Amino acid sequence: MNYVYVLQSLKDKKFYVGRTENIKLRLEQHNKGLVNSTRMRMPLKLIYYEVCLSKYDAIKREKYLKTA
């Protein structure tokens, strides 16, 4: 399965959109500071996610959410 997710920074209230195959692991990585793009915005909370059947669909949806 592929997931598209939205995180919100509890520090600056901004959003981050991403894509992963393992949402639990990816959220842990974000909150441990292992992701460069969100390291300075921790802590983060998961506010939304979708399950996509293919990686291609997840990539399209992630792009849409980042530009919408």
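Visitor: How much area does the protein expose?
Guide: This is a predicted model: local features need pLDDT of at least 70, side-chain atom pairs count only at pLDDT 80 or more, and totals for chains, interfaces and linings use all residues. Residues are numbered from 1 along each chain as its sequence is written, and side-chain values use heavy atoms, leaving out hydrogens and water. Areas come from the Shrake-Rupley method with a 1.4 Å probe, and for residues only the protein chains shown count as cover. Carbon and sulfur atoms supply 55% of the exposed area, and the protein exposes about 4700 Å².

Visitor: What share of the residues is buried?
Guide: Buried means under 20% relative accessible area, exposed means over 50%, and partly exposed lies in between (1.4 Å probe, protein chains only). The protein has 68 residues, and the buried share is 34%.

Visitor: What radius of gyration does the protein have?
Guide: The radius is taken over C-alpha atoms, and the globule rule is 2.2 Å times the number of residues to the power 0.38. For 68 residues, that rule puts a compact globule near 11 Å. The protein agrees, with 11 Å.

Visitor: In what order do the elements run from the N terminus?
Guide: Helices (H or I, at least four residues) and strands (E, at least two) are DSSP runs, numbered from the N terminus. The protein has two helices and three strands. Their order along the chain is β-β-α-β-α.

Visitor: What is the strand order in the sheet?
Guide: Two strands pair if DSSP finds at least two bridges between them. β2 (15–20) and β3 (44–52) each pair on one side only, which makes them the edge strands. The sheet is open, its pairing is antiparallel, and its order is β2-β1-β3.

Visitor: Which residue in β3 stands opposite Val6?
Guide: Strand β1 (residues 2–9) runs antiparallel to β3, and eight bridges join them. Opposite Val6 in β3 stands Tyr48.

Visitor: Which residue in the turn between β1 and β2 has a positive phi?
Guide: β1 and β2 are antiparallel and joined by six bridges, with Gln8 opposite Phe15 in β2. The two strands form a hairpin with five residues between them. One residue there has a positive phi of about 65° although it is not a glycine: Lys13.

Visitor: What angle does the direction of helix α2 make with that of β2?
Guide: Axes are lines fitted to C-alpha atoms, for helices over the stretch in contact, and angles run from 0 to 180 degrees between N-to-C directions. Contact means heavy atoms within 4.5 Å. Helix α1 (residues 23–31) lies across β1, β2 and β3, at about 30° to β1. Helix α2 (residues 55–67) packs on the sheet and touches β1, β2 and β3, and its direction makes an angle with that of β2 of about 170°.

Visitor: Which residue caps the N-terminal end of α1?
Guide: Look for a side-chain oxygen 3.4 Å from the backbone nitrogen of Lys24. That oxygen belongs to Asn22.

Visitor: Is His30 buried or exposed?
Guide: His30 sits in helix α1. Leaving aside neighbours within four places in sequence, its contacts are Tyr5, Leu7, Tyr16, Val35, Thr38, Met42 and Leu44. Its relative accessible area is 0%, so His30 is buried.

Visitor: With which side chain does the side chain of His30 make a polar contact?
Guide: A polar contact is a pair of N or O atoms within 3.5 Å; within protein, one must be able to donate a hydrogen and the other to accept it, and residues adjacent in sequence count only if both atoms are side-chain atoms. For His30 the distance is 2.8 Å, and the partner is Tyr5.

Visitor: What relative accessible area does Glu62 have?
Guide: Glu62 is part of helix α2. Not counting residues up to four places away in sequence, Glu62 touches Val4, Val17, Gly18 and Arg19. Glu62 is buried, with a relative accessible area of 13%.

Visitor: Is Lys32 buried or exposed?
Guide: Lys32 belongs to the loop between α1 and β3. Its relative accessible area is 60%, so Lys32 is exposed.

Visitor: Which residue does a cis peptide bond join to Met42?
Guide: The partner is found in the loop between α1 and β3. Omega is about 0° for this bond, and the partner is Pro43.
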